[in-house]
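The exercises below concern a ligand site, the empty spaces in a protein, and two points of backbone geometry. Each task is followed by a solution that goes step by step.

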Amino acid sequence: MKPHEHIAGFGTLGGELRVGGMPLSRLAARVGSTPFFAYDRALLDRRVDELRSALPAQVELSFAMKANPMPAVVHHLSGRLDRIDVASGLEMRTALDTTILAGQVSFAGPGKTPAEIRQAVAAGILIEVESGTEFRRVLAAGDQLGIEPNVAVRVNPDFAVKGSGMRMGGGPQQFGIDAEHVPAVLRDYATAGANVLGFHVFAGSQNLNAEIIAEAQRQTVDLVSGLAEHLPTPVRYLNLGGGFGIPYVEKDQPLDLGAVAENLHELVDGPIRQRMPEARPVIELGRYLVGECGVYVTRVLDRKVSRGTTFLVVDGGMHHQLAASGNFGQAIRRNYPVAVGNRVGSSSAETVTVVGCLCTPLDLLAKDVELPEADIDDLIVIFQAGAYGLTASPTAFLGHAAPAEVLV
Ligand SMILES: *Cc1c(COP(=O)(O)O)cnc(C)c1O
C-alpha cells in the first residue's frame, strides 16, 4: 500500500490529515505537546464492522490486548467485541475494569506467575494453560480459593504456518503444550478439579496470506477435533488464533479478509458443527483490530543537509515507535508509511530522511522518502501505529518524556 492510501483512510481537510475528524494541527493543539499517539474511534469501529459482516455470526471476536493496552481503547473495544485476551496481571486488571464479563476474558502466555494465576482464578477468567506445571498451579489455586477454575489448553500444533511475521506455533516452542503430549496432560489433570472448556491454537502473527491462514485454521480444527476425544466434556471453547496481518511497507498487499471469512464459514458449517457442535469458535486479533487506526505524530525540530542528504530531525523516535525504526523483529528495515500531516497534497516534493531525536543511528524513522517540503514545526506522521507502538518500545532509552496517547 502507498502512503496516499493511508492518508485517504483517515481523510483530509484543508490540506491537513484528519484524525478522529479533527485537522491534525488542531488535534496537536488539543493534546498540548508532541510527540503523541492518536487512535481514531471511527476507524476502530469500521474495522470491527468489517469483521462482523464478513465472519460467521457464531464466531466470537477477541481482542489480544497486548497490541494496544491503552485503557480507553480497550474500553471502547470491550463494548463491541465478545472477548478480551490478556497476557499479564496488569492487562487482566484493565480488562476487568471494562464491561466485558470475567468469563469472556482469557489469559495466555508462557510464564504466568503463581500470583497472576491466583488472581485469574479468583477473577473467574479463562486460563489458557501452557504446561503441566501451569495446570498444577491452576488446580492448586482453585483448591486454595475453593473455586473451580476455568481452563483451556493452549496447544503447540504439529504443523507450522509459513508467511508469518512471527511464528508462534509448530516445532519447538515456549508457547503451549506440544500436541502429542496433550492427551497425557488431560489424562492427568482434566478431571482433577478444573472446568476444561477447550483449546487454543495460535500459530503466528502478521500474516497477509489468506490461503495460509485458511489452511492453518483447517488444520487447527482437525487437530482439535482429535484432541476433543480426550476431554471429559464436549469442547465449548475453540480458539482458532488469528494472526491477520496489516500492510506496513509499500510492497505489502492487504489481507483478503473475504477469503479468510469464506473458509471460516465452511469450517463452521462443516467440521465444527459435525464434530464439535457445542464449540464457540473464537478469532483472536490484536494488530488487525487496532494497528491501522493509530498514528504517531511528531514535530520537526531541525532540518539539516549533510553532504547531499536532507534530514528532518523530529521530537520523537524509536523510543516510542520502535517498529517504525525496523528494530521490532524485522529481518529487513523498510519504511513505514509517513506523511507531513499539515501539508498533505502539497505540490512541492523533496526526498528526505526522517530521524528521531535519539543519539543513535538506529533511530531512523524513514529513509529517502518523497514528502512535501517540510519546515521546522511541521508535523510528521507515521501510520500503522495503533498496534505494538508505545508499549512495545524502549521508552526509558535516553530518558525523554513519555508521549501522550489519545482516542479521538
Ligand atoms: C500476540 C498474540 C495475539 C495477537 O497477535 P496479532 O498479530 O497482534 O493479532 C493473539 N493471541 C496470542 C495468544 C498472542 O500472544
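A polar contact is a pair of N or O atoms within 3.5 Å. The model to which this cut-off is applied here is a predicted one.

**Exercise 1. The ligand shell**

Task: Find which residues come nearest to the ligand, determine how far the polar side-chain atoms of Lys66 and Ser205 lie from its oxygen atoms, and describe the shell by residue class.

Solution:
- Step 1. The ligand has 13 residues around it, and those that come nearest are Lys66, Ser205, Glu284, Arg287 and Tyr388.
- Step 2. For Lys66, a polar side-chain atom lies 2.8 Å from an oxygen atom of the ligand, and for Ser205 the corresponding distance from a polar side-chain atom to a ligand oxygen atom is 2.5 Å.
- Step 3. The backbone also takes part in the list of distances, with a polar backbone atom of Gly286 at 2.9 Å from an oxygen atom of the ligand. The ligand taken alone exposes 390 Å², and the protein buries 95% of that area.
- Step 4. Five residues of the shell are nonpolar, four are polar and four are charged, and at least two shell residues come from each of strand 13 (204-207) and strand 15 (280-285).

**Exercise 2. The largest pocket**

Task: Give the volume of the largest pocket, and work out which elements and which domains contribute to its lining.

Solution:
- Step 1. The largest pocket holds about 620 Å³ of space.
- Step 2. Its lining consists of 27 residues, and Gly165, Gln206, Tyr248, Asp252 and Gln330 are those that lie nearest the centre. The elements giving two or more residues to this lining are strand 10 (164-167) and strand 13.
- Step 3. Sorted by class, the lining of the largest pocket comprises eleven nonpolar, eleven polar and five charged residues.
- Step 4. At the level of domains, at least three lining residues are drawn from domain 1 (3-39 + 292-407), and at least three from domain 2 (108-285).

**Exercise 3. The cavities**

Task: Establish how many cavities of 30 Å³ or more there are, and find which element gives the most to the lining of the largest cavity.

Solution:
- Step 1. The count of cavities of 30 Å³ or more comes to two.
- Step 2. The largest cavity contains about 110 Å³ of space, and among its 14 lining residues Val161, Ala203, Gly204, Ala216 and Gly242 are closest to the centre.
- Step 3. Strand 13, helix 9 (210-227) and strand 14 (237-242) each supply at least two residues of this lining, and helix 9, with four residues, gives the most.
- Step 4. The lining of the largest cavity has six nonpolar and eight polar residues, with no charged ones.
- Step 5. The second largest cavity has a volume of about 40 Å³, and its lining, which includes Tyr39, Pro69, Tyr388 and Glu405, divides into seven nonpolar residues, four polar residues and one charged residue.

**Exercise 4. Backbone geometry**

Task: Decide whether the peptide bond that joins Thr34 and Pro35 is cis or trans, and whether phi of Gln206 is positive or negative.

Solution:
- Step 1. Most residues other than glycine have a negative phi, and most peptide bonds are trans.
- Step 2. The bond between Thr34 and Pro35 is cis, with omega about -10 degrees, and Pro35 lies in the loop between helix 2 (24-31) and strand 4 (36-39).
- Step 3. Gln206 has a positive phi, near 55 degrees; Gln206 is located in strand 13, and is one of the residues nearest the centre of the largest pocket.

Definitions and conventions. Residues numbered from 1 in each chain as written. Predicted model: local features only at pLDDT ≥ 70, side-chain atom pairs only at ≥ 80, totals over all residues. Heavy atoms only, no water. Near = heavy atom within 4 Å. Polar contact = N/O pair within 3.5 Å; in protein donor to acceptor, adjacent residues only side chain to side chain. Areas by Shrake-Rupley, 256 points an atom, 1.4 Å probe, with all protein chains shown as cover. Nonpolar A, V, L, I, M, F, W, Y, C, P; charged D, E, K, R; others polar. 1 Å grid on protein atoms, 1.4 Å probe; cavity = no way out; pocket = protein on both sides within 12 Å on 5 of 7 lines; lining within 4 Å. Points joined across faces, edges and corners; volume = space filled by probe spheres on them. Domains from an automatic or database assignment.
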